[in-house]
Amino acid sequence: MKRLAVLALSLMMPLAASAGGLTVSDAFVPMAPPGVMAHAAYFNLTNDSPETRRLIGVRAEGYAMAHLHRSEEMGDVATMSSVDAIDIAPGQRIVFTPGGLHVMLMHPAAKQAEGDTVLLTLTFANGETLPVQVPVTRLRHGS
Ligand SMILES: [Cu+2]
């Protein structure tokens, strides 16, 4: 039984994508609640290169818009603001997580189902792009 559990876990592990010393791992997109036209993508972004890299934007296939956002709580009120750029120092890992940094996905062309993937393309100030296939998961994963 233990072996089966390990196999199931490895099948669920999201694939990592990397380019030029930048690696995206543990990426997931919780499904949008019914009737909601926006949801978010989360992942870890690690810089193993010797230079600071600057994330300046993101595209998402199948969505009219995708933006870098940061959630903040002001007392009882949760707010989001857009983020123009994120610097990732050599050796640094930036964590996109519920309640913090996230990629806002707006106006999907089609409803997502669990097991679908969303192609995100991260764009950097030096012109580099990093494509990553992000699995769609059940609501509230990790939150
Ligand atoms: Cu947002």
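Two residues are said to be in contact when heavy atoms of theirs lie within 4.5 Å. With that in hand, the predicted model can be toured from the overall fold down to its metal site.

The protein chain is mostly a story of strands: its secondary structure comes to one helix and eleven strands. Going along the sequence, the helix comes first and the strands follow, in the pattern α-β-β-β-β-β-β-β-β-β-β-β. The chain has 143 residues, and 38% of them count as buried. Among the contacts with a separation of 6 or more, 65% are between residues 24 or more positions apart.

Next comes the copper ion. Four side chains coordinate it at 2.1 Å: His69 through ND1, Met80 through SD, His102 through NE2 and Met104 through SD. The angles among these four donor atoms run from 96 to 117 degrees, and the site is tetrahedral. Tetrahedral is the right word here because all the angles fall between 85 and 135 degrees. Along the chain, the donors are spaced as H-x10-M-x21-H-x1-M. The two methionines link distant parts of the chain, with Met80 in strand β6 (residues 77-82) and Met104 in strand β9 (residues 101-108), 24 residues apart.

How buried or exposed are these two methionines? Met80 has a relative accessible area of 47%, so it is partly exposed, the range for that label being from 20% to 50%. Met104 has a relative accessible area of 10% and is therefore buried, as that value is under 20%.

Ser71 is worth a stop too. This serine sits in strand β5 (residues 63-74), and at 19% relative accessibility it counts as buried. Leaving aside residues up to four places away in sequence, Ser71 touches Thr79, Met80, Gly99, Gly100 and His102. Two of the copper donors, Met80 and His102, are thus on the list of residues that Ser71 touches.

Finally, there is some empty space to look at. The largest pocket has a volume of about 440 Å³. It is lined by 20 residues, of which His39, Ala40, Tyr42, Pro98 and Met104 are the closest to its centre. Met104, then, appears both in this group and among the donors of the copper ion. Which strands help to build the lining? Strands β3 (38-47), β5, β6 and β9 each supply at least two residues, and β3 gives the most, with four. By character, the lining divides into eleven nonpolar, six polar and three charged residues.

Definitions and conventions. Residues are numbered from 1 along each chain as its sequence is written. This is a predicted model: local features need pLDDT of at least 70, side-chain atom pairs count only at pLDDT 80 or more; totals for chains, interfaces and linings use all residues. Side-chain values use heavy atoms; hydrogens and water are left out. Donors are N, O and S atoms within 2.8 Å of the metal (3.2 Å for Na, K and Ca); water is not among the atoms, so sites may look incomplete. Four donors count as tetrahedral if all angles lie between 85 and 135 degrees; four count as square planar and six as octahedral if opposite donors are over 155 degrees apart and all others between 65 and 115; anything else is irregular. Buried means under 20% relative accessible area, exposed over 50%, partly exposed in between (1.4 Å probe, protein chains only). On a 1 Å grid over the protein atoms alone, a cavity is a set of points where a 1.4 Å probe fits but cannot get out, and a pocket is an open set with protein on both sides within 12 Å along at least five of seven lines; lining residues have an atom within 4 Å of a point. Grid points are joined across faces, edges and corners, and a volume is the space filled by probe spheres set on the points. Ala, Val, Leu, Ile, Met, Phe, Trp, Tyr, Cys and Pro count as nonpolar, Asp, Glu, Lys and Arg as charged, and the others, Gly among them, as polar.
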